[in-house]
Amino acid sequence: MGRLLRLFNEWEIQLLVLLSFVLQIFLFFTGSLRQRGAKFLSGIIWIAYLVADLLAVYALGLLSKSQEENTTHKGTLTENHPLAFFWAPFLLIHLGGQDTITAFSLEDNSLWLRHLLNLIVQVVLALYVFWKSTAWRNVQQLLVPGIFMFIAGIIKYGERTMALMKGNLQNISGYNNSEESKLNHQELDQDASYSSIVCFSLDSAPIVRYLFAGFTLFQIPHGFGATTWRSYARSDEVQLAKLAKLVDVELGIMYCDIYTKAAVLRTRSGIILRCTSQVSALVALVLFAVGNKQRYSRADIAITYTLFMGGFFLEVCAMFMMVMVSP
């Protein structure tokens with residue numbers, strides 16, 4: 001029993017990082033199932049959603065504790081597994097969550113300020129852990145790729161915070177009238193194509209956001225084109241099937257805006273940040289691949305490559321899913 005306990009203590013951080021990554025994979029592929037009404041998975045997704053954050057935070061705390069023990073104990077994590085401190089920015093990426101699920105309920109969006117505070121605290125903790133670890137000769141060569149990974153991790157975590165802020169109904173009801181008044185609402189007719197319905201739905205999304213925030217059609221400011229939307233909803237020229245499809249697309253857009261990162265990735269700044277994070281991660285992978293890794297254990301190197309390649313795999317899947325699932 002004592003031998004198993006010592007073995008677990010030696011490989012604890014590796015197990016935690018891998019388990020955190022497995023939870024991210026699970027959340028990515030099951031997060032979108034909630035939109036289709038998969039109630040049998042709701043409980044499991046809720047547990048994974050909560051445990052994923054707790055696990056990443058605990059792993060960062062464990063790295064910080066191990067760093068403090070370096071000055072008083074021999075055979076510490078820095079000596080046995082120096083590559084483990086390079087995983088701190090990967091944990092920030094895990095805390096950033098997946099594109100398919102940023103909030104489990106509306107209440108999560110209301111707590112976006114708490115997530116912002118957690119972002120600041122966890123980023124400072126991860127930077128402290130990595131900065132202290134670079135003082136050791138075993139990990140000095142990881143400084144440059146680590147900086148690029150921190151850029152990717154901070155952006156990823158920031159995306160989640162911005163998505164929660166945009167998904168908050170109080171913020172949804174506070175859209176700028178002057179900006180939205182520039183929209184040109186195109187009315188639909190009987191021969192309207194699916195692409196026209198999607199364009200109309202995206203154009204009318206601010207109105208639907210007001211409705212979700214508790215406003216009526218008559219309470220929506222005129223600058224948002226609510227008059228056009230009301231006239232269309234009352235029109236007899238539109239087939240019932242077209243109207244049903246419009247409602248389906250509108251609800252899909254609202255679900256994505258509230259529970260996923262769609263509202264962030266739909267903006268120009270969101271796309272620029274996503275491209276920046278991916279380029280930073282790719283540069284970090286190249287620098288790590290060409291660096292000298294003889295001093296690191298094969299298991300730690302394999303885990304690092306798993307985190308790199310797994311992250312890129314999820315990003316590619318997110319791109320395909322965005323194209324296939326988008327209205």
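Is Asp 257 buried or exposed? At 2% relative accessibility, Asp 257 counts as buried, and the views described below, which are drawn from a predicted model, include the salt bridge in which this residue takes part.

**View 1. The salt bridge between Asp 257 and Arg 266.** The side chains of Asp 257 and Arg 266 meet with an N to O distance of 2.8 Å. Whereas Asp 257 is buried, Arg 266 has a relative accessibility of 39% and therefore counts as partly exposed. In the whole structure the count of salt bridges comes to 8.

**View 2. The chain as a whole, for orientation.** The secondary structure of the protein chain consists of 17 helices and 0 strands. Of the 327 residues in the protein chain, 46% are buried, and the accessible surface comes to about 16,900 Å², with 65% of this area belonging to carbon and sulfur atoms. Among the contacts in the chain with a separation of 6 or more, 80% are made by residues 24 or more positions apart.

**View 3. The largest nonpolar core and the surroundings of Trp 87.** The largest nonpolar core holds 54 residues, and those with the most contacts inside it are Phe 86, Trp 87 and Phe 308. At least two residues of this core come from each of helices H2 (12-31), H3 (42-69), H5 (88-95), H7 (112-133), H8 (143-167), H16 (268-290) and H17 (298-325), and H3 gives the most, with 10 residues. When neighbours within four places in sequence are left aside, Trp 87 is in contact with Ile 13, Gln 14, Val 17, Asp 300, Ile 303, Thr 304 and Leu 307. Apart from the largest core lies another core, of 8 residues, among them Ala 103, Leu 164, Met 254 and Tyr 259.

**View 4. Leu 55 and its leucine neighbours.** Leu 55 lies in helix H3 and is buried, with a relative accessible area of 12%. Not counting residues up to four places away in sequence, Leu 55 touches Leu 16, Leu 19, Ser 20 and Leu 23. Of these contacts, the one with Leu 23 joins two residues that are 32 residues apart in sequence, with their C-alpha atoms 9.5 Å apart in space.

**View 5. An aromatic cluster with Phe 288.** The structure holds 11 aromatic pairs. The pair formed by Phe 86 and Phe 288 is stacked, at 5.7 Å centre to centre and with 10° between the planes. Because Phe 86 lies in the loop between helix H4 (77-80) and H5 while Phe 288 lies in helix H16, this pair ties together parts that are 202 residues apart in sequence. Phe 86 is buried at 0% relative accessibility, and Phe 288 is buried with a relative accessible area of 3%. Phe 288 also pairs with Phe 308 in a tilted arrangement, at 6.1 Å centre to centre and with 35° between the planes. Since Phe 288 belongs to helix H16 and Phe 308 to helix H17, this second pair ties together parts that are 20 residues apart in sequence, and Phe 308 is itself buried, with a relative accessible area of 2%. Ring pairs link Phe 86, Phe 90, Phe 288, Tyr 305 and Phe 308 into a cluster.

**View 6. Buried salt bridges that join helices.** In one salt bridge the side chains of Lys 156 and Glu 315 meet at 2.6 Å, N to O. Lys 156 lies in helix H8 and Glu 315 in helix H17, so this pair ties together parts that are 159 residues apart in sequence; Lys 156 and Glu 315 are both buried. In another salt bridge the side chains of Glu 159 and Arg 274 meet at 2.7 Å, N to O. Here Glu 159 lies in helix H8 and Arg 274 in helix H16, so the pair ties together parts that are 115 residues apart in sequence, and both Glu 159 and Arg 274 are buried. These four residues, with Asp 99 and Lys 261, are linked in a network of salt bridges.

**View 7. Ser 280 and a nonpolar surface patch involving H8 and H16.** Ser 280, found in helix H16, is buried, with a relative accessible area of 7%, and touches Phe 148, Ile 151 and Ala 152 when residues up to four places away in sequence are not counted. Ile 151 also belongs to a nonpolar patch on the surface, formed together with Leu 143, Val 144, Ile 147, Leu 282, Val 286, Leu 287 and Val 290, with about 660 Å² of accessible area together. The elements giving two or more residues to this patch are H8 and H16. Leu 287, a patch member that lies in helix H16, counts as partly exposed at 32% relative accessibility.

Notes:
Residues numbered from 1 in each chain as written. Predicted model: local features only at pLDDT ≥ 70, side-chain atom pairs only at ≥ 80, totals over all residues. Heavy atoms only, no water. Core = buried A, V, L, I, M, F, W, Y, C linked by side-chain atoms within 4.5 Å. Buried < 20%, exposed > 50% of the residue type's maximum accessible area, 1.4 Å probe, protein only. Helix = DSSP H or I, 4+ residues; strand = E, 2+ residues; numbered from the N terminus. Contact = heavy atoms within 4.5 Å. Areas by Shrake-Rupley, 256 points an atom, 1.4 Å probe, with all protein chains shown as cover. Patch = residues over 30% accessible without salt bridge, like charges linked within 9 Å, V, L, I, M, F, W, Y side chains within 5 Å. Phe/Tyr/Trp six-rings, centres within 6.5 Å; stacked < 30°, edge-to-face > 60°.
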